Amino acid sequence: MDRLNECDGPIYMNPSDGKYSTSRDILFVARGAEAVVEIFSDIAVKTRIPKRYRLKEIDTRMRKNRTFTEARIMSEARRIGIPTPIIKDLSDYVIVMNRVHGRLLKDCITTELCERVGALVGLLHKGGMIHGDLTTSNMILSEDGRIYMIDFGLSFFDTEIESRGVDVHVLFQTLKSTHDGYEDLTEAFKKGYRPILDCADDVLNREREIEKRGRYL
Amino acid sequence: MKSGEKLVLGIEGTAWNLSAAVVSMKGVIAEAESTYTPPSGGIHPREAAQHHSANIGEVLDRVFNTASSEGVLPEDLSAVAFSQGPGLGPCLRTVATSARALSLTLGIPLIGVNHCVAHIEVGRWNCGMRDPVVLYVSGANSQVIAYRRGRYRVFGETLDISIGNALDKFARYVGLQHPGGPKVEKLAEPAEEYVPLPYVVKGMDFSFSGLATAARDAFDAGAPLGNVCRSFQETAFSMLVEVGERALAHCGKSEMLLVGGVAANRRLNEMLSLMCEDRGARFDTPEDRFVRDNGAMIAITGLIMLENGITTPVEASAVNPNYRTDEVEVTWID
Ligand SMILES: Nc1ncnc2c1ncn2[C@@H]1O[C@H](COP(=O)(O)OP(=O)(O)OP(=O)(O)O)[C@@H](O)[C@H]1O
Ligand SMILES: [Mg+2]
């Protein structure tokens with residue numbers, strides 16, 4: 001795949017060790033589940049590190065596919081108007097992207113924001129994409145007031161009601177487990193989601209059906 | 001009579017295992033069990049319930065006998081706890097009926113315990129954990145759970161069948177006897193090849209039915225059984241460990257507890273402990289006897305609830321086959 005050079009900025013790769021840096025020093029390291037994200041003043045370097053617990057075959061396949069997928073879909077989502085970080089460089093396991101200045105939605109969720117998330121997810125789905133890991137840890141409210149989506153490693157292209165329903169279900173489950181006011185938050189999401197997508201009600205009904213599966217039989 | 005410490009009798013009977021135990025906070029004083037073995041394959045709810053009602057008198061006799069040889073008499077008990085759900089309705093009702101009768105005869109409180117919460121509590125108790133992310137994997141359940149503000153919240157779960165169910169179904173298909181999980185584990189051990197199988201994770205949710213089908217197909221297409229078993233485990237467990245790690249990251253917690261019948265699998269233990277080691281989290285799983293369904297877990301949970309002033313009036317003691325983990329009010333964590 002070609003390097004996704006949508007924007008240029010001051011980042012440097014040290015040819016001896018292949019590591020990235022900026023003129024300024026690293027500020028902190030965010031550690032998600034799969035990746036180590038090094039945060040510099042203007043850029044974020046997301047590296048999918050090897051996992052000792054899984055077989056090499058699975059591990060390599062996983063990290064490559066997800067890095068590639070993330071870069072691909074993050075760009076596509078941005079193209080249709082969803083705020084996502086601009087990708088500056090890409091290799092097998094590393095994505096270099098713009099840093100989004102702001103707070104995780106996990107730490108500042110409100111019904112107003114949730115309604116806007118509904119509209120963004122609607123747009124993403126309408127554009128034929130599924131995020132795959134819609135949680136409030138994977139959205140950032142930026143200082144300029146926009147909601148950015150990040151972490152597209154589990155994304156894929158699909159327009160099936162089922163896939164969209166699962167996508168919404170994953171988000172609703174996080175709202176329920178991580179936040180208070182579940183009813184209000186999901187209602188707000190629906191309010192934002194419905195007007196964007198023609199089949200929104202089918203998706204939301206499917207979500208309710210999915211919620212009932214997987215329970216004790 | 002043991003003075004000072006409270007003693008609780010717990011009865012478990014949500015599925016095929018009927019088990020009773022008397023515990024104090026210090027440990028198990030007596031336990032007895034009787035297991036229903038289905039003649040073929042899966043569990044038949046009515047037959048399991050018949051097994052439970054035919055055997056519960058004998059199981060209780062045994063547990064009381066052992067307890068009395070340890071100096072504990074029925075009148076020393078502070079409460080009777082029973083598994084109120086989730087589980088098979090007919091089995092649950094058999095156990096609840098006995099528990100109500102005992103509570104009435106002995107004049108002590110009744111405590112309805114959620115079976116899933118009991119798996120967590122016995123694990124926290126046995127491993128000395130405070131506030132872990134819990135991976136609960138059994139024949140009936142596959143969930144990632146953590147405590148937040150008065151409840152155990154489900155952060156992720158299977159979108160179709162449980163891991164135990166997927167293993168058993170696959171095992172039965174390839175001709176292994178019930179329960180299939182341990183046999184798959186044994187066959188996987190010496191195998192060295194990996195057959196690619198579908199890896200399906202959606203955020204903190206996951207799915208096993210596609211994997212089970214693909215594993216069958218691989219076997220039908222002639223892949224050696226050992227290799228398929230190994231690939232099944234490696235794929236399914238990688239999914240579970242990944243989701244467990246995502247929950248640790250998302251919740252910002254630093255303890256990981258593995259519970260439920262599938263927790264006996266050594267490879268799954270190894271994978272989780274590697275993940276936790278690399279993250280700087282603590283990993284543990286209870287002793288085998290507390291991992292599978294057992295009376296002690298119901299008793300320990302009942303005891304914790306009793307210490308926190310929670311008992312179940314008879315009017316509220318109806319069984320709940322669909323009892324959700326997050327329905328229970330948890331007042332004993334913070
Ligand atoms: N472009 C960015 N700008 C600022 N912060 C970022 C950016 N990308 C990631 N982060 C921070 O790093 C954290 C982890 O990133 P991300 O969610 O992409 O990886 P991950 O959680 O490891 O992946 P996964 O959830 O698939 O396991 C985020 O929650 C966020 O705090
Ligand atoms: Mg993330």
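Which side chains meet in a salt bridge at 2.4 Å, N to O? They are those of R149(B) and D180(A). The model is predicted. The points below go from this pair to the interface of the two chains, and then to the domains.

1. **R149(B).** Start with the residue on the chain B end of the pair. R149(B) sits in the loop between β7 (142-148) and β8 (151-157) of chain B. Its phi is positive, about 40 degrees, although R149(B) is not a glycine. Is R149(B) buried or exposed? R149(B) counts as exposed, because its relative accessibility is 58%. The cut-off for exposed is over 50%. So this one residue combines a positive phi, a place in a loop and a salt bridge to D180(A) of the other chain, and it counts as exposed at 58%.

2. **The interface of chain A and chain B.** How many residues of each chain are in contact? Chain A brings 38 residues and chain B brings 48. The two chains bury about 3700 Å² between them. Carbon and sulfur atoms hold 49% of that area. The size of an interface is often given in this way, as the accessible area lost when the parts come together.

3. **Polar links between the chains.** Eight salt bridges cross the interface of chain A and chain B. There are 17 residue pairs in polar contact between chain A and chain B, both residues being at pLDDT 80 or more. On the side of chain A that touches chain B, two elements give two or more residues: α1 (56-79) and α3 (161-178) of chain A. The largest share comes from α3(A), with eight residues. By class, this side of chain A has twelve nonpolar, twelve polar and 14 charged residues.

4. **Domains of chain A.** The domain assignment splits chain A into domain 1 (2-98) and domain 2 (102-215). Their contact takes 16 residues from domain 1 of chain A and 17 residues from domain 2 of chain A. Together these domains bury about 1400 Å², 76% of it on carbon and sulfur atoms. Which residues of domain 1 of chain A lose the most area to domain 2 of chain A? They are I73(A), I82(A) and P83(A), which together make up 41% of what that side buries.

5. **Links between the domains of chain A.** One salt bridge is counted between domain 1 of chain A and domain 2 of chain A. K46(A) forms a salt bridge with D151(A), and the closest N and O atoms are 2.9 Å apart. Four residue pairs are in polar contact across this domain interface, both at pLDDT 80 or more. β5 (43-48) and α1 of chain A each supply at least two residues of the domain 1 side. α1(A) gives the most, with eight residues. The domain 1 side divides into seven nonpolar, three polar and six charged residues.

6. **D151(A).** This residue deserves its own look. D151(A) lies in the loop between β11 (147-149) and β12 (156-157) of chain A. Phi of D151(A) is near 60 degrees, a positive value in a residue other than glycine. Is D151(A) buried or exposed? D151(A) counts as buried, because its relative accessibility is 17%. The cut-off for buried is under 20%.

7. **Domains of chain B.** In chain B the assignment gives domain 1 (8-119 + 291-327) and domain 2 (131-286). Their C-alpha centres lie 28 Å apart. The contact takes 13 residues from domain 1 of chain B and 17 residues from domain 2 of chain B. These two domains bury about 1200 Å² between them, with 60% of it on carbon and sulfur atoms.

8. **Links between the domains of chain B.** One salt bridge is found across this domain interface. The side chains of E157(B) and R324(B) meet in a salt bridge, at 3.6 Å, N to O. Three residue pairs are in polar contact between the domains, both at pLDDT 80 or more. Helix α3 (residues 115-127) of chain B gives the largest share of the domain 1 side, four residues. By class, the domain 1 side has four nonpolar, five polar and four charged residues.

9. **A cis peptide bond.** Where is the cis peptide bond with omega of about -5 degrees? This bond joins G85(B) and P86(B). P86(B) lies in the loop between β4 (79-85) and α2 (89-106) of chain B.

Note on methods:
Residues numbered from 1 in each chain as written. Chains lettered and ligands numbered in written order. Predicted model: local features only at pLDDT ≥ 70, side-chain atom pairs only at ≥ 80, totals over all residues. Heavy atoms only, no water. Buried < 20%, exposed > 50% of the residue type's maximum accessible area, 1.4 Å probe, protein only. Contact = heavy atoms within 4.5 Å. Buried area = accessible area lost by both parts, 1.4 Å probe. Salt bridge = Lys/Arg side-chain N within 4 Å of Asp/Glu carboxyl O. Polar contact = N/O pair within 3.5 Å; in protein donor to acceptor, adjacent residues only side chain to side chain. Nonpolar A, V, L, I, M, F, W, Y, C, P; charged D, E, K, R; others polar. Domains from an automatic or database assignment.
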